[in-house]
Amino acid sequence: MATPIKEWSKLEVRAVVRFLFSKGAKPSEIHKQIAETYGEGAMSRSRVYQWCTWFGEGRTSLGDEPKSGRPKTSTNEKNTTNSLDVTGG
């Protein structure tokens, strides 16, 4: 049995899902191979199914889609500069 890959990225695992899906592998088989190769924490079974659905709908991007709404952080150059200016000027 091969040694599991310890360091990986989301994009790498998504590329493997896309590759195997394009070869005709079923999502359950893809998840099994991902878990064997990258470990159980690499991608959940439901996430494999979701990515297979997206690839089946024609998605080609491996990256996260932009999210709407408030950003996770409001720190930017203007805010950090303002917070340092305690004189009110």
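## Aromatic cluster in helix α3 and the setting of H31

In this predicted model, W54 counts as partly exposed, with a relative accessibility of 25%. W51, by contrast, counts as buried at 2% relative accessibility. These two tryptophans are three residues apart in helix α3 (residues 45-56), so about one helical turn separates them. F55 also belongs to helix α3, where W51 and F55 are four residues apart, about one turn of the helix. With a relative accessibility of 8%, F55 counts as buried, because the cut-off for that class is under 20%.

The count of aromatic pairs comes to three. Two of these pairs involve W51 and are set out below.

| Pair | Geometry | Centre to centre | Angle between planes |
|---|---|---|---|
| W51 and W54 | edge-to-face | 4.8 Å | 85° |
| W51 and F55 | tilted | 5.5 Å | 40° |

The W51 and F55 pair counts as tilted because its planes, 40° apart, fall between the limits of 30 and 60 degrees. Through ring pairs, W51, W54 and F55 are joined into a cluster. The ring of W54 also has a charged partner: the charged end of R59 sits over this ring, 5.0 Å from its centre.

A separate site concerns H31, which is placed in helix α2 (residues 27-38). The relative accessible area of H31 is 8%, so H31 is buried. Leaving aside residues up to four places away in sequence, H31 touches E40, M43, S44, R45 and V48. Among these contacts, R45 is a residue of helix α3 (residues 45-56).

Key:
Residues numbered from 1 in each chain as written. Predicted model: local features only at pLDDT ≥ 70, side-chain atom pairs only at ≥ 80, totals over all residues. Heavy atoms only, no water. Buried < 20%, exposed > 50% of the residue type's maximum accessible area, 1.4 Å probe, protein only. Contact = heavy atoms within 4.5 Å. Phe/Tyr/Trp six-rings, centres within 6.5 Å; stacked < 30°, edge-to-face > 60°. Lys NZ or Arg CZ within 6 Å of the ring centre and 35° of its normal.
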